[in-house]
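Biologist: Could you take me through this model and justify the labels as you go? I'd like to hear the cut-offs along with the verdicts.

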Amino acid sequence: AELQFCTAAFGFPQPAQTLRSVQKNLLFSSDGRRRICDGGARRVACRRRCGEVVRAVGVVRFFTEIYEYAFPRDKSRKREIIADESATQLARDMQSDRRGLSLRVTSTELEEDERTPSEPESTRCGCGSGKRYSRCCMPFHREWRAEESATEVLRARVCAYKYRCIRYLMSSCAPGSEQTRIPPKKWLRELHTFCDEHAVQRLEIVQTQIVGPHTTFIMFRVQTLHEGDIVTFTERAKFVEQRGRWFYDSGKLIDVDTSSS
């Protein structure tokens, strides 16, 4: 339909030709091996029209894709596109780190292990902000939004531990950081074990130190429930900004306090 519209608009003599045949004719006419029409003047004019048709088809398809992206018939399709783009970028980052972990991180198996609320619109977020999960950390876990500050990364990661969002815990680590150098199977096993054994209860941000436009340190406490005991972890974490998104880079565990509930 796009080709017929363009050929009609530009007056191409055979509107029923496919795009492939138009490109083929353009190739043959450009080097002079074949003649697609009689007469030198008509050959030049027809060759020019072929080029206009090919360019017009590309322009129409380009704007069609933009329109479908901006005004999708199915709203979930737009979210899938955003998620696919984020997953593709994540795969590239992992491959650049020679990890070969892209398939593991982008697979749906990790999402099936999540324990996210069944009603995110009415459930309070697990990070303790008091907002609804769908309006707080869920866009980060689904990669619909990019984190714009270190605090957003911290809250989203604590919430991910609570809801067992393993994929986000891996993707929110800065490319090239210490965590990404852990063998994939060991990394997955450690994350699964911690999420299964510790139930996150509360997050407390103690201190925030901004040392530059792309680096922030945050000291925080996370209270978890482990085998009936209350365990409080105190950590000083480093967050970095890369390509417009903030990541967790590293952390130093300062104190671990255990008390009976």
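Modeller: What follows is a back-and-forth about the labels and the values behind them.

Modeller: Ground rules first: this is a predicted model, where local features need pLDDT of at least 70 and side-chain atom pairs count only at pLDDT 80 or more, while totals for chains, interfaces and linings use all residues. Residues are numbered from 1 along each chain as its sequence is written, and side-chain values use heavy atoms, with hydrogens and water left out.

Biologist: Fine. How many helices and strands are there in the chain, and what makes a run count as one?

Modeller: Ten helices and four strands. Helices are DSSP runs of H or I with at least four residues, strands are runs of E with at least two, and both are numbered from the N terminus. Along the sequence the pattern reads α-α-α-α-α-α-α-α-α-α-β-β-β-β.

Biologist: What share of the chain counts as buried, and what does the word mean here?

Modeller: Of the 261 residues, 38% count as buried. Buried means under 20% relative accessible area, exposed means over 50%, and partly exposed is in between, with a 1.4 Å probe and protein chains only.

Biologist: Why is Ile166 called buried or exposed?

Modeller: Ile166 has 0% relative accessibility, so Ile166 is buried. You'll find Ile166 in helix α9 (residues 166–171). Its C-alpha is 6.8 Å from that of Leu191, 25 residues away along the chain.

Biologist: Leu191 sits in α10, then. Which residues are buried in α10, and what puts them on the same side?

Modeller: Trp187, Leu188, Leu191, His192 and Cys195 are the buried ones. They cover an arc of only 125° around the axis, so they share one side of α10. That arc is taken from the directions from the helix axis to the C-beta atoms. Lys185 and Arg189 are exposed on the other side.

Biologist: How do you know that the length of α8 agrees with what is expected?

Modeller: The expected span is 1.5 Å times one less than the number of residues. For the 14 residues of α8 that should give 20 Å, and the end C-alpha atoms are 20 Å apart, so the two agree. Helix α10 (residues 184–197) also has 14 residues and reaches 20 Å, close to the 20 Å expected.

Biologist: And what does α8 lie across?

Modeller: Helix α8 (residues 150–163) lies across β1, β2, β3 (229–242) and β4, running at about 160° to β1. Such angles run from 0 to 180 degrees between N-to-C directions, with axes fitted to C-alpha atoms, for helices over the stretch in contact; contact means heavy atoms within 4.5 Å. The buried residues of α8 include Val153, Leu154, Arg157 and Tyr163, and what covers the buried set includes α7 (138–141), α9 and the strands β1, β2, β3 and β4.

Biologist: What makes β1 and β2 a pair?

Modeller: Two strands pair if DSSP finds at least two bridges between them. Eleven bridges join β1 (residues 199–212) to β2 (residues 215–226), and the two run antiparallel. Ile205 stands opposite Phe220, and Arg202 has Gln223 as its bridge partner.

Biologist: Which strands are called edge strands, and why?

Modeller: The four strands form an open antiparallel sheet in the order β1-β2-β3-β4. β1 and β4 (245–260) each pair on one side only, so they are the edges. As for the other pairings, twelve bridges join β2 to β3 and 14 join β3 to β4. In those pairs, His226 stands opposite Asp229, and Glu235 stands opposite Leu253.

Biologist: Why does a positive phi deserve a comment?

Modeller: Because most residues other than glycine have a negative phi. Glu143 has a positive phi near 60°, and Glu227 has one near 50°.

Biologist: Is each of these buried or exposed: Glu143, Glu227?

Modeller: Glu143, in the loop between α7 and α8, has 6% relative accessibility and so counts as buried. Glu227, in the loop between β2 and β3, has 72% and so counts as exposed. The β2 and β3 hairpin has two residues between the strands. β3 and β4 also form a hairpin with two residues between them, where Arg243 in the turn has a positive phi of about 55°.
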